[in-house]
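Here is a short set of exercises to work through with a structure open beside you. Try each task before you read its solution.

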Amino acid sequence: MRNFASLALLCFLISCSGERQFSNEDRDAVDQIRKDYVAGWLDNDRQKILSLFNEKATIVPSGLFPMQGIEQIEKYWFPDNGSTTTIHTYAVELIDLQGTDSMAYSLEKGTLNFTFTFNEFTMTKESTSHATTIYQKNKEGNWEITSRMWTSLNE
């Protein structure tokens, strides 16, 4: 709920500001993070994916409670239990990308096809979802993901 309130506040502030200070440079930097996120999953590059997130970032997977902090995110996405997830395809359509000089959000529709294997169990699934990602500039002036939440459209 806190993430939804943050997104609503961010959208409100952006819509009320007379001057958007979201430069083309900022937009390109945030858009590159989006592209790197997808590429990281397609390359099965754990470090690339995790490096895009702020240390205190939060993810809210569809139907689950929020997970905060890079350690919890890593345990969720990359559990140390012998399971493997192979991403076959991941296509993302950008719906909206807006921001200010220090915060931004993107709205996306994504289609993911993957295979999950654990011991003798194997499952292949295609999932379509809507995602909202919130980005923030860090002290060094670099953009990072601070929150990502998604809702699966076909379970």
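**Exercise 1. The enclosed space**

What volume does the largest cavity have? Find the residues and elements that line the largest cavity.

*Solution.* Keep in mind from the start that this is a predicted model.

Step 1: The volume of the largest cavity is about 50 Å³. The count of cavities of 30 Å³ or more comes to 1.

Step 2: Now list the lining. The largest cavity is lined by Ile33, Arg34, Tyr37, Val38, Tyr90, Val92, Glu108, Thr133, Tyr135, Ile145 and Arg148.

Step 3: Assign the lining to elements. At least two residues come from each of H2, S3, S5 and S6, and H2 gives the most, with 4 residues.

Step 4: Sort the lining by class. There are 7 nonpolar residues, 1 polar residue and 3 charged residues.

**Exercise 2. The open space**

Describe the largest pocket by its volume, its centre and its lining.

*Solution.* Step 1: The largest pocket holds about 1000 Å³ of space. It is lined by 36 residues, and those closest to its centre are Tyr76, Trp77, Leu112, Phe114 and Trp150.

Step 2: Trace the elements. Helix H2 (24-42) and helix H4 (70-77) each supply at least two lining residues, as do strand S3 (84-99), strand S4 (103-118), strand S5 (121-137) and strand S6 (143-152). S4 provides the largest share, 7 residues.

Step 3: Split the lining by class: 17 residues are nonpolar, 12 are polar and 7 are charged.

**Exercise 3. The nonpolar core**

Which residues have the most contacts inside the largest nonpolar core? Then follow one of them, tryptophan 41, to its neighbours.

*Solution.* Step 1: The largest nonpolar core has 27 residues, and Tyr37, Trp41, Phe53 and Trp77 have the most contacts inside it.

Step 2: Two or more residues of this core come from each of H2, helix H3 (46-51), strand S1 (53-60), H4, S3, S4, S5 and S6. With 5 residues, H2 gives the most to this core.

Step 3: Leaving out residues up to four places away in sequence, tryptophan 41 touches Ile49, Trp77, Phe78, Ile87 and Tyr90. Trp77, one of these partners, is also among the residues with the most contacts inside the core.

**Exercise 4. Three residues under the 20% cut-off**

Why do tyrosine 105, aspartate 31 and asparagine 138 count as buried? Give the polar contacts of their side chains.

*Solution.* Step 1: A residue is buried if its relative accessible area is under 20%. Tyrosine 105 counts as buried because its relative accessibility is 9%. Aspartate 31 is buried because its value is 17%, and asparagine 138 is buried because its value is 19%.

Step 2: Start with tyrosine 105, in strand S4. Its side chain makes a polar contact of 3.0 Å with the side chain of aspartate 96. Tyrosine 105 is also 9.9 Å from threonine 146, C-alpha to C-alpha, although the two are 41 residues apart in sequence.

Step 3: Move to aspartate 31, in helix H2. A polar contact of 2.8 Å links its side chain to that of arginine 34, a residue that also lines the largest cavity. Beyond four places in sequence, aspartate 31 touches Leu94 and Leu97.

Step 4: Finish with asparagine 138, in the loop between S5 and S6. A polar atom of its side chain lies 3.0 Å from the backbone nitrogen of glutamate 140.

Technical notes
Residues numbered from 1 in each chain as written. Predicted model: local features only at pLDDT ≥ 70, side-chain atom pairs only at ≥ 80, totals over all residues. Heavy atoms only, no water. 1 Å grid on protein atoms, 1.4 Å probe; cavity = no way out; pocket = protein on both sides within 12 Å on 5 of 7 lines; lining within 4 Å. Points joined across faces, edges and corners; volume = space filled by probe spheres on them. Nonpolar A, V, L, I, M, F, W, Y, C, P; charged D, E, K, R; others polar. Buried < 20%, exposed > 50% of the residue type's maximum accessible area, 1.4 Å probe, protein only. Polar contact = N/O pair within 3.5 Å; in protein donor to acceptor, adjacent residues only side chain to side chain. Core = buried A, V, L, I, M, F, W, Y, C linked by side-chain atoms within 4.5 Å. Contact = heavy atoms within 4.5 Å.
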